[in-house]
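Welcome! Please take a look at the model below, and then we will walk through it together.

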Amino acid sequence: MAPPHDSPTLEGPLALAVAEACWGSALVFSGDRVLQRVAQEPVGRPVIRIARVLGIRELLQALITAWRPTRRTLRFAAAVDALHAATMVTAASARVGPRRLSVASAGVASLFGAAGLLASRRP
């Protein structure tokens, strides 16, 4: 009996790159709507600009991860995400900008960092 044909799935570094690209694209192209929905309050232009720059960083990180999904690349990207998360926790603690945004950004960066570390440990 022949084994069933598996449909293609996104796994490991490629799935991470796609998720990062989606998040980065949302920040770049719909940052104002995304941020206001998360913040549940009006968000100023400077915060939207910063989020768009962070979205561009996510897009670049996704491209690099997809292009060269080595352990070294994944671990470096996880370190960048950890630094981003730490910065956002500090911003939330100091009440710099909308706190909900800082906490949400820290959470997303932590998830991407953890996913990158897990992907880097797979054979």
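Let us begin with a word we will need: a contact means heavy atoms within 4.5 Å. With that in hand, which residues does Val43 touch, not counting residues up to four places away in sequence? They are Leu35, Gln36, Ile48 and Leu101.

Before going further, a note on what you are looking at. This is a predicted model, in which local features need pLDDT of at least 70 and side-chain atom pairs count only at pLDDT 80 or more, while totals for chains, interfaces and linings use all residues. Residues are numbered from 1 along each chain as its sequence is written, and side-chain values use heavy atoms, with hydrogens and water left out.

Now the overall picture. Helices (H or I, at least four residues) and strands (E, at least two) are DSSP runs, numbered from the N terminus. The protein chain has 4 helices and 0 strands, and its pattern along the sequence reads α-α-α-α. Among its contacts between residues at least 6 apart in sequence, 69% join residues at least 24 apart. Here are some values for the whole chain:

| Property of the protein chain | Value |
|---|---|
| Span of the C-alpha trace along its principal axes | about 60 × 25 × 20 Å |
| Share of the 123 residues that count as buried | 33% |
| Exposed area | about 8100 Å² |
| Part of that area supplied by carbon and sulfur atoms | 66% |

In this table, buried means under 20% relative accessible area, exposed over 50%, and partly exposed in between (1.4 Å probe, protein chains only). Areas come from the Shrake-Rupley method with a 1.4 Å probe; for residues, only the protein chains shown count as cover.

Val43 also belongs to the largest nonpolar core, together with Leu27, Leu35, Ala39, Ile48, Ala51 and Leu101. Such a core is a set of buried Ala, Val, Leu, Ile, Met, Phe, Trp, Tyr and Cys residues joined through side-chain atoms within 4.5 Å. Helix 1 (12–39) and helix 2 (45–67) each give two or more residues to this core, and helix 1 supplies the largest share, 3 residues.

Finally, meet Ser120, a residue of helix 4 (residues 99–121). Is Ser120 buried or exposed? Ser120 counts as buried because its relative accessibility is 1%. Not counting residues up to four places away in sequence, Ser120 touches Arg71, Leu74 and Arg75.
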